Amino acid sequence: ERGDVLLVVCDGMGGNKKGGYASKTAIESIVDSFSRRSRVLFPARFLNAAIKKANRAIFLEGDGDPSYQGMGTTLVAALITKNKLVVANVGDSRCYSYSRAQGLKRLTRDQTYVDYLVRTGKVDKEKTAAHPDRHVLMNALGIYPTASMDIDILDYHGESLLLCSDGLYNNLSDPEIRAILQTDDRPDQKARSLIIDANNNGGSDNIGVAYWEAFHD
């Protein structure tokens, strides 16, 4: 029987020192929660609790050390358990699924001010790329004492999963991402190609990528 799979990408904010520490703390905390579990019977509940624990760790560190005050991080996580996929999102990092049959599908919604403006009909989606507030987050991990997140439970049929920070999708279009994922390269080569191509297209930000490709008999 194949075990559960956890993927996590974080993108820190608050300067290099603060952002790097916040993202490192978040990932270490969630991986620790995952490694300590016996079985994930309720995956959405587990992920919710693990993210809240990570949020508290970051917040308390910033609360106790003035040099770390104001730090935070985005977080996107995907937990595969049997035929279910649980996706959790805080901020503007994203999770995509990919299969040859269904193509590239975005599974998360950006928690940004511009995305809020689009959803409420105040800005056309086509104009978001040039909007002056496109990088303003509505949510991040570690900023507040308690965490809020989007969590979705989806059926899982062996699709590939791509988790990434905005540094990737701001520098690579969906067709460019899809073109790399549909190659016959190894999963690690695909992840490397995504980062290299995004950097070649401007590399305007840090690029975090986690890529999962299910093994098919």
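A salt bridge is taken here as a side-chain nitrogen of Lys or Arg within 4 Å of a carboxyl oxygen of Asp or Glu. In the predicted model described here, the side chains of Asp4 and Arg37 satisfy this criterion, with an N to O distance of 3.8 Å. The pair joins distant parts of the chain, since Asp4 lies in the segment before β1 (5-13) whereas Arg37 occupies the loop between α1 (15-36) and α2 (43-64), 33 residues apart. Asp4 has a relative accessibility of 22% and therefore counts as partly exposed, and Arg37, at 24%, is likewise assigned to the partly exposed class.

The structure as a whole holds 11 salt bridges. Another of these is formed by Lys84 and Asp155, whose closest N and O atoms are 2.5 Å apart. This pair, too, links distant parts of the chain, with Lys84 in strand β3 (residues 84-90) and Asp155 in strand β6 (residues 150-155), 71 residues apart. Lys84 is partly exposed, its relative accessible area being 33%, and Asp155 is partly exposed with a value of 47%.

A further salt bridge connects the side chains of Arg106 and Asp110, at an N to O distance of 3.5 Å. Here the two partners fall on opposite sides of the 20% limit under which a residue counts as buried: Arg106 is partly exposed at a relative accessible area of 34%, while Asp110, at 7%, is buried. In addition, Asp32, Arg36 and Lys53 are linked in a network of salt bridges.

With regard to charge overall, the protein carries 27 positive and 28 negative side chains, and the centres of the two sets lie 4 Å apart.

The fold that carries these interactions comprises 6 helices and 8 strands, which follow one another along the sequence in the pattern β-α-α-β-β-β-β-α-β-β-α-α-α-β. The radius of gyration is 17 Å, close to the 17 Å that the globule rule gives for 217 residues, so the protein is as compact as a globular protein of that length. Along the principal axes, the C-alpha atoms fill a box of roughly 50 × 45 × 35 Å.

Of the 217 residues, 46% count as buried, and the accessible surface comes to about 11,600 Å², of which 49% belongs to carbon and sulfur atoms. Among contacts between residues at least 6 apart in sequence, 70% join residues at least 24 apart.

Definitions and conventions
Residues are numbered from 1 along each chain as its sequence is written. This is a predicted model: local features need pLDDT of at least 70, side-chain atom pairs count only at pLDDT 80 or more; totals for chains, interfaces and linings use all residues. Side-chain values use heavy atoms; hydrogens and water are left out. Helices (H or I, at least four residues) and strands (E, at least two) are DSSP runs, numbered from the N terminus. The radius of gyration is taken over C-alpha atoms; the globule rule is 2.2 Å times the number of residues to the power 0.38. Buried means under 20% relative accessible area, exposed over 50%, partly exposed in between (1.4 Å probe, protein chains only). Contact means heavy atoms within 4.5 Å. Accessible areas come from the Shrake-Rupley method with a 1.4 Å probe; for residues, only the protein chains shown count as cover. Lys and Arg count as positive and Asp and Glu as negative; His and the chain ends are not counted. The place of a charge is taken as NZ of Lys, CZ of Arg, CG of Asp or CD of Glu.
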